[in-house]
Structures are given as C-alpha cells and as structure tokens.
Amino acid sequence: MPPILSTTEAHCCLSEAFYLSTPTHCPLPRDPILACIDLEWHKPKDVTPRIRFLTEIGISTLDTRVLRSTKPGQYGVEWLCQMQAFHFRPIDCRDLHYDNIDKRRNIPLDAADKFLFGTSTFVEREELGITLTAALSIADNEATVAFDSSPVYRNIILVGQGWNACEATMIKEHIGLNLDALPFVTAIIDTQILFMKSADEEKKQKPGLARLMEEYGVELLHLHNGANDAVYTLVVLVLGTLWRDAYDKVRDSMDWERMTATFPGMQCVGEKGIEALKRKILGRDRVENDREDVGREPTELESVDNIEMIFRMLRNAQKRVDGPICLTVE
C-alpha cells in the first residue's frame, strides 16, 4: 500500500503542490492530482451475520497543475471550482433504501440518491474495479512519450477521511482493485491525521468530517453520500492548507497579504466554493442549497494598525490552527 503521510509530510507535500512554497526536500513528485475516495457501506438488519456490503464509491479530484497560474480567490473559490466529482453505484443497489440513522448527527445514512455535484453512474458490481482504475488512470499530456512506449499517467495522491491499513484491503476485496498495482499512486493523505490537534490527541479523538466542515464554513448537506463526502473532504483539505499558510505568515511576520486576499476578515465561508463548484458542474445559476442564510458575508479587515483587534481576531481564528500564538510587535 502507498505510504500514509505524517502531518509534517502532508503539510510539506501540499505546500509544494499548491505552489505556496518553493520546492524543498519533499520526495513526492510535483504537480500531483489529488483524488479523494469515499466508500459507503450498508449492514442489512435482517441478515445474520450482519455482513456489510459496498453501496457507493465517491471520487473527487483536483489537478494541482491547473493551479499554477490561478490564484485561490476569496475563500479559495477559484481553486475549489476546478474540482471534479464522480459517483458510482453498484447496479444491484439501484432500488436499495434503508432507514439507518447517524445517531451522532441524527441524519439518514441512506443518501445515495442525494448526489449534489453531477449525475450518478450505475455499474455492474464486478466492474467496479475497472471503473475505479479508469477514473484514477489520467494520461499525462505534458510527458514526452516514445511512439511505441506505454502511456504515462499522472501521479496521484489519494486523500481519505480516516484512512487506515484496512482500507486498501477492503478496496481489493470488495472492489477488485489492488492499489499496489497502480505505480502512479504515490502516497495517501488522511485528513484526520492532517487536522489532528493536541486537544484531540489528549481526548483520544479524531476530527470528524462534519466538525471540519463547520470550522471552514461548509454547510452539512446530504452527508453519507459517498461522492458528496469525497468533495467535502477535498474542500476541507484545500481550505485548511490555504488557511494554515495565510495564518502562519500573519503570525510569523505580520504579512497580511494572503490572509486578506483569501480569508477577508479572517473568516472562512467555504460554502462559497461549494456553490461555485455546483454552478460550474451543473450549469445553472441556482443550486439546491442556495439560501440567503447560508454563511455570513464577512467584513474586510479595514486596518492592521489596530493591534488589539488583530490579537483578538487571531485568538478567534485559533480554532483552525493548533499551537500557541506568538507575535512580536515592534
């Protein structure tokens, strides 16, 4: 299985992939495609033993090469709308419906028909492996290839929320795809590891997707749909990386340029990026969750001369960044 990156390795990799820093010692190839995979399962109540089976595969991708000449824009909108989403469902689950509930959030676990970013594709179960392989095998149009050589594929970094050693085994057993057979899949980023804070470690908790969405201003709409969750996970990863970069520059050198350009008023309204992505994919001005009360329009930071205000805003923003605030004001 490709290596799961540590927090430090993931930050280094993402900073380079997003062109936020100059190339350093990061051993991974530059310009990867980030591909988030989310699997949804169901355990029938009337079957003994209760063996779960796969009901959905969700994939969201972001080609970091496209970001070379594109600034993130406010709330990362210009980057987030470059994402793509795919939703695959086994054809034998077409008419499957169940009433299981996520007890933590009191929301349905059955959201297979609530894909918000395109049209679901039904696939024969025995063809899921071929379908997923095709989705991840993206030709490198910039590579120099000899006429009679094999095609060159883009390097892929897989992204998952709560990825562990069992995940690759389940993909192999239930989908028929051996990740080790895809040499262009170079690493895995687990967003639970990436966003783990010291307080989480002390409580032996891992940050859930819903909590991260709330922190970055993304509405909790139709979770537990595999493709929606894949999109949300990748959105949180992008916004979290941009936030960390902007925050570090303010903390370390009082450089406000990236913060004011991407997160005006030091606020994050990730739902703006979700709306932009839907408009681009669905091709219409209004989308399902467009509402006047979604998010709150932040105010611009009028002046950085008010040091007391700056410290207060930094403390309020601390929930997204782990570690103490250390500012030196001359």
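In this predicted model, F88 sits across from T121, a residue of β6. The strands involved are β3, which covers residues 84-90, and β6, and they run in the parallel sense, joined over 3 bridges. Strands of a sheet pair in general through backbone hydrogen bonds, in either a parallel or an antiparallel way.

Stepping back from that pair, the sheet is an open one with 6 strands, and reading across gives β6-β3-β2-β1-β7-β8, with mixed pairing. The edges go to β6 (121-123) and β8 (185-190); each has a single partner strand, so one side of each lacks a neighbour in the sheet. On average, neighbouring strands here are turned by 25° against each other, leaving direction aside.

Two helices that pack on this sheet are worth a look. Helix α3, residues 128-136, touches β1 (33-42), β2 (53-63), β3, β6 and β7 (156-160). The direction of α3 makes about 10° with that of β2. Helix α8, made of residues 226-253, also packs on the sheet, and its contacts are with β1, β2, β3, β7 and β8. For α8, the angle to the direction of β2 is about 35°.

Next comes A111, found in the loop that links β5 (107-108) to β6. Is A111 buried or exposed? With a relative accessibility of 4%, A111 counts as buried, because the cut-off for that label is under 20%. Leaving out residues up to four places away in sequence, A111 touches E56, L223, H224 and N225. As for H222, 111 residues separate it from A111 along the sequence, yet their C-alpha atoms are 6.3 Å apart in space.

Links across the sequence also show up in the figures for the whole chain. Among contacts with a separation of 6 or more, 71% join residues 24 or more positions apart. The secondary structure adds up to 11 helices and 8 strands, and of the 330 residues in the chain, 50% are buried.

On the outside, the chain has an accessible surface of about 16,700 Å², and carbon and sulfur atoms account for 49% of that. Which residues make a nonpolar surface patch of about 210 Å²? The patch is made by M1, I4 and I193. Of these, I4 lies in the segment before α1 (7-17). The relative accessible area of I4 is 31%, so this residue is partly exposed.

Notes:
Residues are numbered from 1 along each chain as its sequence is written. This is a predicted model: local features need pLDDT of at least 70, side-chain atom pairs count only at pLDDT 80 or more; totals for chains, interfaces and linings use all residues. Side-chain values use heavy atoms; hydrogens and water are left out. Helices (H or I, at least four residues) and strands (E, at least two) are DSSP runs, numbered from the N terminus. Buried means under 20% relative accessible area, exposed over 50%, partly exposed in between (1.4 Å probe, protein chains only). Contact means heavy atoms within 4.5 Å. Accessible areas come from the Shrake-Rupley method with a 1.4 Å probe; for residues, only the protein chains shown count as cover. Patches are made of residues with over 30% relative accessible area and no salt bridge: like charges are joined within 9 Å, nonpolar side chains (Val, Leu, Ile, Met, Phe, Trp, Tyr) within 5 Å. A salt bridge is a side-chain nitrogen of Lys or Arg within 4 Å of a carboxyl oxygen of Asp or Glu. Two strands pair if DSSP finds at least two bridges between them. Axes are lines fitted to C-alpha atoms, for helices over the stretch in contact, and angles run from 0 to 180 degrees between N-to-C directions.
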